[in-house]
Amino acid sequence: MATKPRQLDRDFAASGDTGDLAAALNLRYGHLPAEEIIAVAIDLFADAGGIAATSSFGADSAALLHLIAEAAPGLPITFLDTGQHFGETLEYRDQLADDLGLTNIEIIRPLEDALAAGDPDGILHQSDTDRCCAIRKVEPMARAIAPYRAWFTGRKRGQASTRAEMPVFEAVGPRIRVNPLARWSTEDQAAYMRRHGLRQNPLVAFGYLSIGCFPCTSPVKPGEDPRSGRWAAQAKTECGIHLPGLEDTLSTASG
């Protein structure tokens, strides 16, 4: 039987301190299977500021999107169109959304003024990847989630050292980030994809196991860390949309 949030939790979700709320939700619901976490979060936040999901439509995106489609196909799914995605990713986005019956894809783009001022030639990634990500991903991400009280991601603890201790429910300023697949392994992901016959991003077949913008994404060899193909030969492992600095950008976007 699916877990149902208590009315007290619903009231807390609407007005409670997010630090306390995230801690309470982890204790009460963080151990549940992914589909129940999704159902609980939708129940908690749908009428308490709203909830959306973010997706890169990358190598690991289909499982979370399938789970969401099963629960609420009209849930807003935000996609950051950086202007530097692989064409295959854009095609995959549309095909997968059609496969799953997702009806509310929100495409968020960088601000034209920010691009004109900071990356007019589209080559900022060659000299300052952090600044490029800030313009093309972090600021658009802040705008994408600003209208909502909570949002889903497909992040997993095994993807990177920066995610190893990641909880299922996280406080990010006045919002809650929900990671229903946090405990999933690579094998869990692959098994779910096979079980449900989910379409895979075509770039995976060419060794792209973690897919971002084309200038900063490379294929990886068998046995290598899947995220080693992102920002190759750099210490950078995150674009910034999941890091603490997002909270400052969120404050600006919400102001």
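Let me start at a turn: strands E5 and E6 form a hairpin with two residues between them, and Gly-173, in that turn, has a positive phi of about 60°. Strands here, like helices, are DSSP runs numbered from the N terminus, with at least two residues of type E for a strand and at least four of type H or I for a helix. Before going on, I should say that this is a predicted model, in which local features need pLDDT of at least 70 and side-chain atom pairs count only at pLDDT 80 or more, while totals for chains, interfaces and linings use all residues. Residues are numbered from 1 along each chain as its sequence is written, and side-chain values use heavy atoms, with hydrogens and water left out.

Staying with the hairpin, strand E5 covers residues 169–172 and pairs with E6 in the antiparallel sense over four bridges, where pairing requires that DSSP finds at least two bridges between two strands. Val-172 has Arg-175 as its bridge partner in E6, and Phe-169 stands opposite Val-178 in E6. On its other pairing, E6 runs parallel to strand E4, residues 150–152, joined by three bridges, with Ala-150 opposite Ile-176.

Which residues of E6 point which way? From this strand, residues 175–178, Arg-175 and Arg-177 point one way and Ile-176 and Val-178 the other, and all are buried, buried meaning under 20% relative accessible area, exposed over 50%, and partly exposed in between, with a 1.4 Å probe and protein chains only. In a regular strand the side chains alternate between the two faces of the sheet.

The wider sheet is an open one of six strands, in the order E3-E2-E1-E4-E6-E5, with mixed pairing. Strand E3, residues 105–108, and E5 stand at the edges with a single partner strand each, so one side of each has no neighbour in the sheet. Neighbouring strands are turned by 30° against each other on average, direction ignored. Helix H7, residues 129–145, packs on this sheet and touches E1, E2, E3, E4 and E6, and its direction makes about 160° with that of E2; axes are lines fitted to C-alpha atoms, for helices over the stretch in contact, and angles run from 0 to 180 degrees between N-to-C directions.

Let me return to the hairpin turn from another side. Thr-18, in helix H2, residues 18–29, is 155 residues from Gly-173 in sequence, and yet the two are 7.2 Å apart in space, C-alpha to C-alpha. Not counting residues up to four places away in sequence, Thr-18 touches Arg-149, Ala-171, Gly-173, Pro-174, Arg-175 and Ile-176, contact meaning heavy atoms within 4.5 Å. Thr-18 is buried, because its relative accessible area is 8%.

Where do the nonpolar residues gather? The largest nonpolar core has 47 residues, and those with the most contacts inside it are Phe-45, Ile-51, Ile-68, Leu-75, Phe-152, Phe-169 and Ile-176; such a core is a set of buried Ala, Val, Leu, Ile, Met, Phe, Trp, Tyr and Cys residues joined through side-chain atoms within 4.5 Å. Helix H3, residues 34–45, gives the most to this core, with eight residues. Apart from it lies another core of seven residues, including Ile-108, Ala-144, Ile-145 and Trp-151.

Ile-68 also belongs to helix H4, where it is buried. H4 is mostly covered, with nine of its 11 residues buried, and what covers them includes H3, E1, strand E2 (77–80), H5, E4 and helix H8 (186–196). H4 and helix H5, residues 87–100, pack at an angle of about 35° with their axes 10 Å apart. The contact is made by Ala-62, Leu-65, His-66 and Ala-69 of H4 and by Tyr-92, Leu-96 and Leu-100 of H5.

In the loop between strand E1 (51–54) and H4 (61–71) lies Phe-57, which has a positive phi of about 50° although it is not a glycine. Most residues other than glycine have a negative phi, and most peptide bonds are trans. Phe-57 counts as buried, because its relative accessibility is 0%.

To close with the chain as a whole, its secondary structure comes to nine helices and six strands, and buried residues make up 51% of its 255 residues. Among contacts between residues at least 6 apart in sequence, 71% join residues at least 24 apart.
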